[in-house]
Amino acid sequence: MTNWVKTKNNTKINLADIPVLDIENLRTEVKALNKRPVAFFGKDWGNGNVRLFVILADDTSGDLYVSSTIFGNLQKSYESFTQDIPSFHIFEREFYEDFGIEPLHHPWLKPVRKNQDDYTFFEMQGEEVHQVAVGPIHAGVIEPGHFRFMCNGETVYHLEIMLGYQHKGVEELMLKKHSNQLAESIVGDSVIAYNTAYSQIVETLKDIKISDKAQLIRKLALEMERAAIHIGDLGAIAGDIAYLMGASVFGATRTLVINTMLEFCGSRFGRGFVTVGGVNFDLSDEIMEKAKKTLDKVEKDVDRMVKTMLKNSSVMSRLEKTGTVSTERAMETGLVGMAARASGVPIDSRFDYPDKWMEKLNINKKVFNGIGDVNSRFKLRYKEIKESLDIIRKIFKELKNLKSEPVLTYSDNDFTKDSFAISIVEGWRGEVVHIAMTDDNGKLSRYKIKDPSFNNWFGLALAVRNNGVSDFPLCNKSFNLSYSGNDL
Amino acid sequence: MLIKLLNLLILLLVPFLMMGVIRKTKAFWGGRKGCSIFQPLWDFTKLIKKDFVISKTTSAVFKISPVVNLSAVLAAALLVPMSAGTIILNLPVGFVLFAYILGLGKFFSLISAMDTGSSFEGMGASREACFTTIVEPAFFIVIASIMAMTGNVTFDSLSKIFTNTGSYGILIAIFAVVALFLMILIEGSRVPVDDPTTHLELTMIHEVMILDNSALDLALFSWANSIKMLLISSLIANIIIPSSLSQWASVLLYLFVIFAISVIIGTIESGMARIRMSHVFEFVFVMSSFALVVLSLVVARMFGG
């Protein structure tokens with residue numbers, strides 16, 4: 001095992017312990033280990049050298065494998081990993097874009113978020129083939145992104161998604177001045193997930209132990225976020241197929257959840273809730289009682305509306321077999337999170353990289369047998385809403401035993417020097433991965449963020465193939481990916 | 001004369017109210033308060049006051065189309081019996097002229113959409129043209145069958161359907177009404193064929209064709225579209241309302257039927273998702289099949305026992 005260092009989620013390792021292999025050796029090792037890539041990123045290693053880190057995840061044992069290689073300043077290319085393991089495709093594109101080291105024989109070497117002027121679209125020729133260009137400015141209040149469809153009549157043959165309009169250099173900003181405020185602003189609908197990942201990584205690198213109560217409240221907030229966004233998305237899916245009643249009911253129900261969040265912390269999206277050292281707000285008994293009642297009502301409303309929709313044939317004919325991503329495709333392209341689970345890939349970092357509470361509260365992973373169509377993503381959301389509400393109830397019960405504990409731990413600790421840590425949090429969209437490194441002065445020297453959207457945008461492009469172009473918005477809504485999380 | 005003036009007033013105002021009632025019904029089913037039923041009228045007056053934004057790629061076609069489309073719809077409206085079975089402009093012309101005046105309006109709205117050069121609008125125009133080619137023959141079959149029955153080619157004969165045909169008349173009326181109602185949904189771009197409230201360009205049919213139109217042009221297109229819905233509703237009303245009623249009772253019943261149709265449209269839009277684009281043809285063919293039932297009933301009545 002000298003070619004890899006084995007670590008866990010939220011565990012600090014010495015930078016010096018990470019092996020440096022030569023690139024061909026690393027390639028062979030990655031192929032031999034055959035695990036899911038969660039990160040593949042470079043760091044400026046001085047004198048024009050670039051160090052490439054690879055992190056693979058074993059979703060069954062909860063182990064993370066880290067290794068690296070160094071490219072000398074004259075070494076500007078290598079044989080791409082994607083040829084053998086397709087799920088590396090987006091990581092290698094990003095690495096190429098950031099450091100100019102070209103993965104040779106990469107099948108789809110296009111810009112990820114920078115250099116959009118150089119973007120060349122895949123084109124099809126034929127009398128019946130026409131192109132439809134959508135965006136970057138869209139009708140409705142959504143983020144910018146350009147979509148290029150190759151259609152034959154109403155059928156989409158190929159979709160290409162060009163992003164990067166939201167690129168703002170978050171990773172560099174993190175090095176300049178990192179804060180909870182910055183972390184929670186990266187992806188506006190995953191405030192808790194991002195803020196938790198950031199807080200955990202800082203706590204890991206500073207050796208701060210947070211109280212049980214704080215851990216539970218963070219977990220509660222994360223599940224609230226998941227429930228709220230999923231309910232909102234059910235409403236958005238209903239809206240896209242012009243099923244008005246669903247859109248209205250889910251819209252109103254989501255408001256109940258986010259207003260409960262407002263009572264918890266003063267922000268409907270949970271801004272300012274989580275902080276390094278714990279959480280900023282304690283939950284009083286009255287607030288919890290009231291929240292419990294509200295959430296019971298939420299569950300009842302969601303149950304009723306989902307059942308009504310699943311019984312409505314006009315709704316089902318829109319959802320079923322629309323935008324399908326098969327299990328094989330999902331594994332191959334490396335989809336993560338909700339989109340992967342809907343396609344029958346049972347990865348969920350809450351259970352795969354668990355904290356102590358999952359066992360203590362008796363929360364178990366229930367596998368979802370999805371076939372990867374919009375219907376599966378719709379039903380999976382419903383299932384996850386139910387599970388989240390269940391977890392929230394269990395946490396309320398547990399919190400009663402921890403009344404006297406503080407929610408915030410103060411600490412003057414500095415970062416441990418020359419360290420490396422990974423924090424994975426399962427946001428509602430999927431795994432939010434933060435990786436941080438410190439230098440010999442005890443300062444952050446690299447901060448890497450991977451949003452689930454980074455993996456999943458390609459899944460959306462695959463999903464719409466051979467579907468009607470008018471079903472694209474529905475497929476898009478069923479994934480609901482983040483532009484900002486991809487563009488960083 | 002008084003009735004004709006009243007009809008003219010109905011023609012100009014009721015389309016807005018129809019839209020208002022549909023929206024109010026949708027709000028009711030969605031558990032919302034909804035805006036006033038006069039809102040579409042206020043929207044119209046608001047749009048009139050706005051400045052035009054016209055794309056540089058467009059030609060004169062784009063500029064004249066809203067007016068041509070509205071004029072065509074209004075001209076067609078003059079030939080249709082409205083309240084009390086009264087036609088505003090009673091010319092000795094048949095329903096074929098009516099259908100093709102409407103067709104002219106649609107032709108201009110299609111080429112105006114193509115004129116913008118936008119890939120969305122071309123897509124919308126091709127969808128609209130596709131559905132029209134199926135709706136038009138179905139419409140002809142329904143109306144021509146009824147007229148064959150009465151031996152008269154003007155719309156006057158619609159209300160005589162019960163007097164001439166006995167018990168067959170009821171069946172013919174039911175199927176004709178359903179066929180025409182489906183035509184309202186298709187021609188008026190309502191759910192389940194189209195979604196008038198969506199902001200998603202890729203899924204639109206009618207809305208995407210007028211995406212580039214602004215200010216007065218947009219107002220005229222929307223108005224023309226709702227007048228078209230009133231026209232077809234008027235045909236339904238005149239099939240249902242017996243000609244034996246007194247004039248004012250007939251007017252009231254007419255307004256009630258229009259109101260009821262709006263409420264039904266609003267209810268359908270609330271309780272049903274939109275059909276997948278590739279399945280819309282099947283829905284349009286349902287109208288055709290109802291039309292064929294009307295035809296076969298008429299044939300059975302005329303040549304059968």
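**Entry 1: a helix pair.** I began with helix α6 (residues 212-240) of chain A and helix α7 (residues 244-265) of chain A, and found that they pack at an angle of about 165 degrees with their axes 8 Å apart. Since angles over 145 degrees count as roughly antiparallel, I noted α6(A) as roughly antiparallel to α7(A). I keep in mind that this is a predicted model. I then looked up the handedness, and α6(A) passes α7(A) in a left-handed crossing.

**Entry 2: the residues that meet.** On the α6(A) side I listed the contact residues, among them M224(A), A228(A), I231(A) and G235(A), and on the α7(A) side the partners include F250(A), R254(A), V257(A) and M261(A). Sorting the residues of this contact by character, I found 11 nonpolar, seven polar and one charged.

**Entry 3: strand β5(A).** I turned next to strand β5 (residues 50-58) of chain A, which is mostly covered, with seven of its nine residues buried. What does β5(A) pair with, and in which sense? I found that strand β4 (residues 36-44) of chain A pairs with β5(A) in the antiparallel sense over eight bridges, and that nine bridges join β5(A) to strand β6 (residues 63-71) of chain A, also antiparallel.

**Entry 4: registers and turns.** For the register I noted that F40(A) stands opposite V54(A) in β5(A), while L56(A) stands opposite Y65(A) in β6(A). The hairpin of β4(A) and β5(A) has five residues between the strands, and G46(A) in that turn has a positive phi of about 80 degrees. The hairpin of β5(A) and β6(A) has four residues between the strands, and here G62(A) in the turn has a positive phi of about 80 degrees.

Key
Residues numbered from 1 in each chain as written. Chains lettered and ligands numbered in written order. Predicted model: local features only at pLDDT ≥ 70, side-chain atom pairs only at ≥ 80, totals over all residues. Axes fitted to C-alpha atoms, helices over the stretch in contact; angles between N-to-C directions. Helix = DSSP H or I, 4+ residues; strand = E, 2+ residues; numbered from the N terminus. Parallel < 35°, antiparallel > 145°, perpendicular 65-115°, else oblique. Left-handed = near helix turned anticlockwise from the far one by under 90°. Contact = placed C-beta atoms within 7 Å. Nonpolar A, V, L, I, M, F, W, Y, C, P; charged D, E, K, R; others polar. Buried ≥ 20, exposed ≤ 12 C-beta atoms within 10 Å, placed from the backbone. Pairing = 2+ DSSP bridges.
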